[in-house]
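This report describes the fold of a single protein chain, from its core outward to its surface. The sequence and the structure are shown first.

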Amino acid sequence: MASWSRLFPGRPEQVAQARLFTRSVLAGRPEAGTAELVVSELATNAVLHSASGGEGGSSVVSVLARPDGVLVGVDDLGSATEPAARAAEDPGPRESGMGLVLVAALAKEWGSARTAAGWRVWAELPAADVADAVS
């Protein structure tokens with residue numbers, strides 16, 4: 001199993017760098033596109049909804065490639081509330097708030113856990129052949 005991680009400054013333009021990092025380390029794997037999209041959502045949430053987006057903030061993107069799929073995660077500097085997917089019936093504006101709904105739809109499993117610094121949000125993506133068999 002190969003594992004990579006990288007620290008990114010907590011600025012919006014760094015989300016594109018997190019996507020590039022993910023795509024680069026998973027080059028040639030069929031899960032690369034899905035993993036890139038999921039990391040984009042998680043990194044965006046870290047910048048917008050946690051202390052990672054504040055002055056001097058940062059987050060860490062991790063990618064673990066396994067034979068049965070890919071595990072991606074973003075560690076941020078925390079917020080007052082636990083990351084949660086927005087309920088479909090939530091009447092609020094739709095300009096934002098749907099990122100974790102998308103992550104949940106793409107992932108075999110996802111979740112969050114408190115860390116010493118903040119929150120780790122992760123998603124397990126099945127191998128492409130497994131995902132195709134389920135669809």
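Which residues have the most contacts inside the largest nonpolar core?

## The nonpolar core

The model described here is a predicted one. Its largest nonpolar core comprises 26 residues, and the most contacts inside it belong to Leu26, Val38, Leu42, Val61, Val63 and Val72. At least two residues of this core are supplied by each of helix 1 (14–25), helix 2, strand 2, strand 3, helix 3 and strand 5. Helix 2 makes the largest contribution, with eight residues.

Val61 illustrates how the core is connected. Leaving aside residues up to four places away in sequence, Val61 touches Trp4, Ser5, Arg6, Phe8, Ala18, Phe21, Thr22, Val39, Gly73 and Val74. Arg6, one of these contacts, also stands opposite Val61 in the pairing with strand 2.

## Overall organisation

The protein chain contains four helices and five strands. Read from the N terminus, the elements follow the order β-α-α-β-β-α-β-β-α. The chain has 135 residues, of which 39% count as buried.

Among contacts in the chain with a separation of 6 or more, 62% are made by residues 24 or more positions apart. The exposed surface amounts to about 7100 Å², and carbon and sulfur atoms supply 56% of that area.

## The sheet

The five strands form an open sheet with the order 1-2-3-5-4 and antiparallel pairing. Strand 1 (2–9) and strand 4 (109–114) are the edge strands, each pairing on one side only. On average, neighbouring strands of the sheet are turned by 15° against each other, direction ignored. In a regular strand, side chains alternate between the two faces of the sheet.

At one edge, strand 1 runs antiparallel to strand 2 (residues 58–66), and eight bridges join the two. At the other edge, six bridges connect strand 4 with strand 5, again in the antiparallel sense. Strand 4 and strand 5 make up a hairpin, with four residues between them. Within this pairing, Ala113 stands opposite Arg120 of strand 5.

## Helices against the sheet

Which strands does helix 2 lie across? Helix 2 (residues 32–49) lies across strand 2, strand 3 (69–75) and strand 5 (119–126), and runs at about 15° to strand 3. Helix 2 is also the source of the largest share of the nonpolar core.

Helix 3 (residues 99–106) lies across strand 4 and strand 5, where it runs at about 35° to strand 5. Helix 3 and strand 5 each supply at least two residues of the core.

## An aromatic pair between strand 1 and helix 1

The count of aromatic pairs comes to one. The partners are Phe8 and Phe21, in an edge-to-face arrangement with 5.9 Å centre to centre and 70° between the planes. Phe8 belongs to strand 1 and Phe21 to helix 1, so the pair ties together parts that are 13 residues apart in sequence.

Are the two partners buried or exposed? Phe8 counts as buried, because its relative accessibility of 2% is under the 20% limit. Phe21 is buried as well, with a relative accessible area of 11%. Both Phe8 and Phe21 are among the residues that Val61 touches.

## Buried polar residues in helices 1 and 2

Gln14 is placed in helix 1 and counts as buried at 14% relative accessibility. Not counting residues up to four places away in sequence, Gln14 touches Phe8 and Pro9.

Ser40 lies in helix 2. With a relative accessible area of 10%, Ser40 is buried. Outside the residues up to four places away in sequence, its contacts are Val15 and Arg19.

## An exposed loop position

Thr81 is located in the loop between strand 3 and helix 3. Is Thr81 buried or exposed? Thr81 is exposed, because its relative accessible area of 54% is over the 50% limit.

Thr81 and Ser50 are 31 residues apart along the chain, and their C-alpha atoms are separated by 9.1 Å.

Conventions. Residues numbered from 1 in each chain as written. Predicted model: local features only at pLDDT ≥ 70, side-chain atom pairs only at ≥ 80, totals over all residues. Heavy atoms only, no water. Pairing = 2+ DSSP bridges. Axes fitted to C-alpha atoms, helices over the stretch in contact; angles between N-to-C directions. Contact = heavy atoms within 4.5 Å. Core = buried A, V, L, I, M, F, W, Y, C linked by side-chain atoms within 4.5 Å. Buried < 20%, exposed > 50% of the residue type's maximum accessible area, 1.4 Å probe, protein only. Areas by Shrake-Rupley, 256 points an atom, 1.4 Å probe, with all protein chains shown as cover. Phe/Tyr/Trp six-rings, centres within 6.5 Å; stacked < 30°, edge-to-face > 60°.
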